[in-house]
Amino acid sequence: MNRTHRLLVVDDDRLVLATVCRGLQAAGYQVESAQSVDEAVALLDDWRPDLALLDIRMGERGGFELARELQARDGIPFMFLSAYGDDATVDEATELGAVGFLVKPIDIPQIMPAVEAALKRAADLSRLRSTGRQLEQALDQQRGISVAIGILMERHRLSRSEAELRLRDTARSQRRKMTDLAEGIVFAVDALAASALNGDRSDS
């Protein structure tokens with residue numbers, strides 16, 4: 001079990017805050033604390049936690065508002081520690097993307113497995129997001145190659161297989177990636193089209 005994770009605990013109740021922080025620190029976690037949303041945001045300017053534990057009701061700016069701020073900061077994962085466990089509160093917490101929810105009063109032995117479960121869920125979600133970005137990037141690259149192949153087919157009256165072979169052979173001879181060569185072809189065609197359009201406008 002990895003206890004080197006960085007945790008941020010935010011609660012406007014000093015006693016709860018001190019108790020939770022002491023318990024987490026005793027378990028080996030690296031813990032920072034804040035008593036308000038503003039204090040927490042100030043911490044985030046120079047430090048990124050692996051998980052934030054948030055109270056919900058904290059004066060004018062509460063845990064839900066801070067959760068949205070965490071989401072905007074590249075999806076910092078968070079869970080809620082709240083005295084309110086009604087369906088509407090839990091539903092809103094879930095919709096915001098919370099990876100855990102505990103209802104106060106909370107004892108330290110209860111927190112540990114919940115924190116570990118939240119950290120694991122956050123890691124799983126991070127891997128999924130990373131995989132999604134990689135897939136999107138791969139699809140974008142394939143679209144670029146397809147466009148370049150289409151340009152070669154039209155300009156040189158080639159079949160698709162012939163155009164793809166020419167693109168691959170050219171990339172190999174120039175020791176470039178097919179995606180980079182395809183991007184260069186598409187950029188060159190777009191630049192020529194833009195130049196021709198500007199020329200037509202200047203003549204008119």
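**Figure 1. Aromatic pairs in the predicted model.** Searching the whole structure, which is a predicted model, turns up 3 aromatic pairs. In one of them, the ring centres of Phe78 and Phe80 are 5.6 Å apart and the ring planes stand at 70 degrees, so this pair is edge-to-face. An angle over 60 degrees is what earns that label. Both partners are tucked away: Phe78 is buried, at a relative accessible area of 1%, and Phe80 is buried too, at 0%.

**Figure 2. Phe80 and Phe101, a pair between two strands.** Here Phe80 meets Phe101 in a tilted aromatic pair, with 6.3 Å from centre to centre and 55 degrees between the planes. Phe80 belongs to strand β4, while Phe101 belongs to strand β5 (residues 101–103), so the pair ties together parts that lie 21 residues apart in sequence. Phe101 is partly exposed, with a relative accessible area of 24%, whereas Phe80 is buried. If you would like to see the wider group, add Phe64 and Phe78 to the view: Phe64, Phe78, Phe80 and Phe101 form one aromatic cluster.

**Figure 3. Ser82 and the residues around it.** Staying with strand β4, which covers residues 78–82, we come to Ser82. Ser82 is buried, with a relative accessible area of 0%. Leaving aside residues up to four places away in sequence, what does Ser82 touch? Its contacts are Asp55, Ile56, Phe101, Leu102, Val103 and Lys104. Phe101 may look familiar here, as the tilted partner of Phe80.

**Figure 4. Helices α2 and α3 packed against each other.** A handy way to read this view is that two packed helices are described by the angle between their axes and the distance between the axes. Helix α2 (residues 37–44) and helix α3 (residues 63–72) pack at an angle of about 15 degrees, and their axes are 10 Å apart. The two helices are therefore roughly parallel to each other, as angles under 35 degrees count that way. The crossing of α2 and α3 is right-handed. On the α2 side, the contact is made by Val37, Ala40, Val41 and Leu44, and on the α3 side by Leu66, Glu69 and Leu70. Sorted by kind, the residues of this contact comprise 6 nonpolar, no polar and 1 charged.

**Figure 5. A cis peptide bond at Pro105.** As background for this view and the next, most residues other than glycine have a negative phi, and most peptide bonds are trans. The bond to look for here runs from Lys104 to Pro105 and is cis, with omega near 0 degrees. Pro105 sits in the loop between β5 and α5 (108–156). Lys104, on the other side of that bond, is also one of the residues that Ser82 touches.

**Figure 6. Two arginines with positive phi.** Where do Arg157 and Arg175 lie? Arg157 is found in the loop between α5 and α6 (160–173), and Arg175 in the loop between α6 and α7 (178–203). Phi of Arg157 is near 55 degrees, a positive value in a residue other than glycine. For Arg175, phi is likewise positive, near 55 degrees. Are these arginines buried or exposed? Arg157 counts as exposed at 69% relative accessibility, and Arg175 counts as exposed at 80%.

Methods
Residues numbered from 1 in each chain as written. Predicted model: local features only at pLDDT ≥ 70, side-chain atom pairs only at ≥ 80, totals over all residues. Heavy atoms only, no water. Helix = DSSP H or I, 4+ residues; strand = E, 2+ residues; numbered from the N terminus. Buried < 20%, exposed > 50% of the residue type's maximum accessible area, 1.4 Å probe, protein only. Contact = heavy atoms within 4.5 Å. Phe/Tyr/Trp six-rings, centres within 6.5 Å; stacked < 30°, edge-to-face > 60°. Axes fitted to C-alpha atoms, helices over the stretch in contact; angles between N-to-C directions. Parallel < 35°, antiparallel > 145°, perpendicular 65-115°, else oblique. Left-handed = near helix turned anticlockwise from the far one by under 90°. Nonpolar A, V, L, I, M, F, W, Y, C, P; charged D, E, K, R; others polar.
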